[in-house]
Each structure stands twice: as structure tokens, then as C-alpha cells.
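Colleague: I would like to go through the reasoning behind some of the labels used for this model. Please show it first.

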Amino acid sequence: MPQDLKDPNFVLFWKNYGNIIVPIVTFLLGFFTQFFFMSKKDRFDASERLQQHVQKLQNDHNDAYEKYTSVMGKVINKDGKLDVNDFIRISTSGENYFRTVKSISEAILEGNFKKSTIKDVLSPLVRDALHVLPIHYDKLLEIAEKNNFDGQKKLNKENYRSLYLVAEKYPEES
């Protein structure tokens, strides 16, 4: 880059690339300034937002889990033959529950939380879901076979890859 600001090459360079360089430099300066010079209040607010996010994930999980286990309990205790409606209820509530757990595992993998929060609060929820997952698919397959319809596929672990990654990265401690 030329030293003289009146140099025609510099002027041409600035005209061509100035509208790109200024926003990039401004963004980088803003990002690093915020990152390195956060006040105690800003750090506290950021920590508070993370805690609220964890609480929301837990609440969403608990609601979905409660609905899922309620449906499974009713179906398991049902007298008579399980039908397509039972299949749909299990499938729908299960998908909602496992979608919630997937969002937890994806948030963990993004690295948004403290390791202690992941280890003590969030990863146990994911590991518990992995224990339930095969049972869920077995029950759906059982209902489908008894009613002679092809409404069920087998468990595809790739659909739940983030859960397995979290369980591998944060194994249960003895």
C-alpha cells in the first residue's frame, strides 16, 4: 500500500476496496472491544442470559418428557389391542420429546455453556433420552407389526447424531 495518500494507486485502491475494508475493520474492532472490555455488569448479564437459556431448555425438556411418559403409560396400560391412534400418539409425543433433547445436545455442542452446567445438568438429560430411544422405536415397531401397517421405520442413529456425540463427549461418571 502506498505511503502517500495522494498517490493515484492508493486513491484507486481505496475507491475499489474502502467500502469493504471499513465495515470489516469496524466489526472486528467492535467484537474484540466487547469481548476484552466487558464490564462486570455485562459479564453478569451474559451469565444471567445463559442461566435463563439453561432453565428454558430444562423446562422444555421436562414438559416434553412429561407428555411423552404420560402417553407411553396410557398405551402400556391400555386394555385391548393397540391401534393406529396409539401409534400416532406415541410417535408424535416421542418426536416432540426427542426434538427437545436434540436442541439441548446441539446447544451443548455449540459450546454455549459452562462445563459444569453441561456435566451436571444438561448431558444427563441427553444420556437418559438415549436409554429411552430404542424402547420408543421398539414399541412403535411392535404396534405397526400387530396392526399390519408400514408406519414405522427402525431407529436410525444418524437422525440422533448430536445425542450420541454429547454422550460420547460427556460420558456418565461412576
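Modeller: Contact here means heavy atoms within 4.5 Å. The model is a predicted one.

Colleague: Which residues does isoleucine 108 touch, not counting residues up to four places away in sequence?

Modeller: Isoleucine 108 touches Phe113, Ile118, Leu122, Ser123, Val126, Val166 and Tyr170 on that count.

Colleague: What makes Ile108 stand out in the largest nonpolar core?

Modeller: That core has 34 residues, and Phe98 and Ile108 touch the most other members. To belong to a nonpolar core, a residue must be buried, which means under 20% relative accessible area. Helices α2 (40-76), α3, α4 (115-146) and α5 each supply at least two residues of this core, and α4 gives the most, with 12 residues.

Colleague: Why are α3 and α5 called oblique to each other?

Modeller: The axes of α3 (residues 84-109) and α5 (residues 161-169) cross at roughly 55° and come within 8 Å. Angles under 35 degrees count as roughly parallel, and 65 to 115 as roughly perpendicular. The value of roughly 55° fits neither class, so α3 and α5 are oblique to each other. Their crossing is left-handed.

Colleague: Which residues of α3 and α5 meet?

Modeller: From α3 there are Val101, Lys102, Ser105, Glu106, Ile108 and Leu109, and from α5 Ser162, Leu163, Leu165 and Val166. By class, this contact has 6 nonpolar, 2 polar and 2 charged residues.

Colleague: How do you know that α4 and α5 are oblique to each other as well?

Modeller: The angle between α4 and α5 is about 120°, and their axes are 9 Å apart. Roughly perpendicular covers 65 to 115 degrees, and roughly antiparallel needs over 145. An angle of about 120° meets neither condition, and α4 and α5 are therefore oblique to each other. Helix α4 passes α5 in a left-handed crossing.

Colleague: What makes up the contact of α4 with α5, by class?

Modeller: Ser123, Val126, Arg127, Ala129, Leu130 and Leu133 of α4 make the contact with Leu163, Tyr164, Val166 and Ala167 of α5. These residues divide into 8 nonpolar, 1 polar and 1 charged.

Colleague: Last one. Why is glutamate 172 called exposed?

Modeller: The relative accessible area of glutamate 172 is 58%. Exposed means over 50%, so glutamate 172 qualifies. Glutamate 172 is found in the segment after α5. Its C-alpha atom is separated by 23 Å from that of histidine 53, which is 119 residues apart from glutamate 172 along the chain.

Key
Residues numbered from 1 in each chain as written. Predicted model: local features only at pLDDT ≥ 70, side-chain atom pairs only at ≥ 80, totals over all residues. Heavy atoms only, no water. Axes fitted to C-alpha atoms, helices over the stretch in contact; angles between N-to-C directions. Helix = DSSP H or I, 4+ residues; strand = E, 2+ residues; numbered from the N terminus. Left-handed = near helix turned anticlockwise from the far one by under 90°. Nonpolar A, V, L, I, M, F, W, Y, C, P; charged D, E, K, R; others polar. Core = buried A, V, L, I, M, F, W, Y, C linked by side-chain atoms within 4.5 Å. Buried < 20%, exposed > 50% of the residue type's maximum accessible area, 1.4 Å probe, protein only.
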